Amino acid sequence: MKKLIYILSIVCLFASCKPEDVISGPALSFYPTTVATAVEEDEITYVLSLETSGLVNSGTATIEVSLSAEGTIFTNPPLSGNTLTLDITEGTTAQIEVTVLNDLTPEDYTAKFRITDVSGDLGGIGTSEFTLFVLDNDNVPIYQEDFNAGLGSFTAFSEEGAQEWGETDFGFEGAGARMSGFSGGPQDNKDWLISEAVDLSGLTSASAQFVSDVAFEVEPVLEFRVSTDYDGLGDPTTATWTTLEASYDTQTGFDTWTPSGKIDISNYLEAETYFAFYYTSNTDVSAQWTIDDFAISVFNPDASGGGNENLVNLPFSEDFENCTTDFAIPSAFDVQYASNSKDDRGWGCRQFGVDNSRAVRVNAFGGDAGTADTWLITQNKFNLRTVGKASLQFDVKSASAGDGELKVYYSTDYFGVLALATWEELTDVTAQLPTKGSDTYTTVNTTIPGGDVVYLAFQFVGGTESGSSSYDIDNIVLDELNVELTLPFSDDFENCSEAGEYNMPENWIEELVPGFNTDRGWGCRPFGRSGNGVQASAHNGDAASDNAWMISAGRFDLSGLTSTTLEFYVESFFDGDGGIKLLWSEDYAGSGNPENATWTEVTDATSQFPASGSGGFVLVSTNLDAAIGKTIHIAFQYESSSGNASSWTIDDLTFTGS
């Protein structure tokens, strides 16, 4: 689904501007509205349209974008850091497309766009700011009131004073509920706006939210209250009400809407729970408060990625047998075309699978002139959060030789817009593909890193209408790769020559703890005892601290053993701050931040390490008998401050058991 919200923008003309507002040349503005609401949901694009006060041949605007909290948006034109450059050519209008990514943070935030500079034929800046309120979609609303039908499910009750709550046409988006104690001057008032009874029984947690706008005065501040013993009929003062903390508007201008944030109501989950907005004013001061978009939500633990993520757990398999219509797109996939691709050919189901079963075929032959760049992308994300590594296997053949290449990718940030995602190619697939035109199936095997949620994609690029190759894909299987390292185990790190200097050896992974340096850490170096070793150093790195881990790529099964021996050689060459530890864990996921797991330090090994900067390899001999009966990862942790940092090299590691 694609939803386009056009925000029309004009600027003040000379006849209606104050003298100090008059500028030479067309101006660029956000107008008449300066706010909109977005909801985290796949493939929703919000289009901000800007208009100048006169015709321009060419002009450029710099627009700064800031987020009030953690969140992710994509823009077109794209962001560079926190700014984007908007070009206006031969006309009076331009657009900014904004796409809101489903993230893992269950909170609302604001995205503020501010025009900071103009050049070319543009002469100045009019209304410079636009605010997009991004409402989180990780929560499922169970009760809502937008006040577009009067006060709706709310009821007004006046405890004191002649003024009371009523509806207004000037809500956040549409109508709203408004209260003012001003009538020829400030008046004494105490007024309630009370919801109907909301059934929250059976829930374990819930939150409320709304948006507010205050005008003229900011005090007295509105109160948001909750009660579980109000009878719903009469005087609310006879019931017990609790005031809950919320964020309110603090600007006295009009339309300065402020989200309340998620308000925890988990202590009030009864069959009849009432909510109220309590307003007061006096003869000295009275504010005008407007409320809109009240909602109660329950957190959905299955929607940890937000929106319509629909995580697919492993194992996953697809044999395309349910895709019985020729040229149809298989139900578990979507097809997208790059912007420069011919789009009359591409992916579709055919009877060309293994043993004449169903499969999905791609080619660009025939039809319109042009070159294909077409993608077959899984509709939903695969949940690899608790997986160290996933294995991907599929059968593939090429029935026709010609132009066009098949590539396989995965993405952790795809959200429906092909060009805005980061795609990681599985480069080892290319060497496993069959010869074009050989018309014989071969099986491809590759792996995808775990620790995140991913989309899988097959790209066919370069095929033309006159000479395209074709590929058929069948029997896709994605499953957890259970990497088990067996005893006895040894590693002299000589395979570092294949990994390349500074890369990780085959049986190990590196994880850099978030918030620490990423420019140094572990890697293969030619400084081993008689060749290569694996070294950790922060020397000459960025100023800050390092927390780098070298972790076994698989788990060691220590069940059935009575004793273990772990030996390795270690050298510290440069003297300075920093050191290493040997640790093991039975709950590490196999990838991702190691500090999310429980680790046990092998202090006996630490006591045998050489002094920092002492030079010369020292044999460390220890045991992991405390882990017998468990399946574990082992790790070396390096911690240091950059600059005057020590270095540590590991070589000739053996791990045995009996």
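Trainee: Let me start with one residue pair: which residue in β33 stands opposite V360?

Mentor: V360 faces I473 in β33. Before we go on, keep in mind that this is a predicted model. The pair belongs to a longer match, in which β25 and strand β33 (residues 470–480) run antiparallel and share four bridges.

Trainee: What partner does β25 have besides β33, and in which sense do the two run?

Mentor: β24 is also joined to β25, antiparallel and by four bridges. One of the matched pairs there is R350 with A359 of β25.

Trainee: How many residues of β25 are buried?

Mentor: Four of the five residues in β25 (residues 359–363) are buried, so the strand is mostly covered, with under 20% relative accessible area as the cut-off for buried. As a general guide, side chains in a regular strand alternate between the two faces of the sheet. Strand β3 (residues 35–39) also has four of its five residues buried.

Trainee: How does β3 run relative to β9?

Mentor: They are parallel, with five bridges between β3 and strand β9 (residues 129–135). To find the match on screen, look for V35, whose bridge partner in β9 is T131.

Trainee: Moving to a whole sheet, in what order do the strands of the five-stranded open sheet lie?

Mentor: Read across the sheet as β11-β14-β20-β16-β17, with antiparallel pairing. β11 (155–160) and β17 (242–244) are the edge strands; each has a single partner, so one side of each lacks a neighbour in the sheet. From one strand to the next, the twist averages 30°. Inside the sheet, β16 (residues 223–227) and β20 (residues 274–281) are held in register by five antiparallel bridges, including the one that pairs R225 with A276 of β20.

Trainee: Where is F147, and is it buried or exposed?

Mentor: F147 sits in the loop between β10 (139–145) and β11. Its relative accessibility is 0%, which is why F147 counts as buried. Beyond its close sequence neighbours, F147 is in contact with F154, A175, G176, A177, L193, I291, D292, D293 and F294. Sequence distance and spatial distance are worth reading side by side: F147 and G174 are 27 residues apart in the chain, and their C-alpha atoms are 8.3 Å apart.

Trainee: For contrast, how accessible is R114, and what does R114 touch?

Mentor: R114 lies in strand β7 (residues 109–120). With a relative accessible area of 31%, R114 is partly exposed. Setting aside residues up to four places away, R114 touches T62, I63, E64, S128 and E129. Try the distance exercise here too: R114 and F130 are 16 residues apart in sequence and 6.5 Å apart from C-alpha to C-alpha.

Trainee: Which cysteines are joined by a disulfide?

Mentor: In general, a disulfide is a covalent bond between the sulfur atoms of two cysteines. This model has one disulfide, and it joins C323 to C349 with an S to S distance of 1.9 Å. The angle about the S-S bond is 105°, and the link is right-handed. The two ends come from distant parts of the chain, 26 residues apart: C323 is in the loop between β22 (316–318) and β23 (333–337), while C349 is in strand β24 (residues 347–350). C323 counts as buried because its relative accessibility is 8%, and C349 counts as buried because its value is 0%.

Trainee: Which residues touch the most other members of the largest nonpolar core?

Mentor: That core has 37 residues, and W508, W522, F568, F636 and I650 touch the most other members. Strands that each supply at least two core residues include β37 (521–525), β41 (564–572) and β46 (647–657). Take W508 as a case to explore: among its contacts are F489, F493, M550, F636 and L653. There is also a second, separate core of 34 residues, which includes L314, F382, I448 and F460.

Trainee: To zoom out, how many helices and strands does the protein have?

Mentor: There are two helices and 46 strands. Of the 658 residues, 48% are buried. The protein exposes about 28700 Å², with carbon and sulfur atoms supplying 45% of that area. Among contacts with a separation of 6 or more, 79% are between residues 24 or more positions apart.

Definitions and conventions:
Residues numbered from 1 in each chain as written. Predicted model: local features only at pLDDT ≥ 70, side-chain atom pairs only at ≥ 80, totals over all residues. Heavy atoms only, no water. Pairing = 2+ DSSP bridges. Axes fitted to C-alpha atoms, helices over the stretch in contact; angles between N-to-C directions. Buried < 20%, exposed > 50% of the residue type's maximum accessible area, 1.4 Å probe, protein only. Core = buried A, V, L, I, M, F, W, Y, C linked by side-chain atoms within 4.5 Å. Contact = heavy atoms within 4.5 Å. Areas by Shrake-Rupley, 256 points an atom, 1.4 Å probe, with all protein chains shown as cover. Disulfide = S-S within 2.5 Å.
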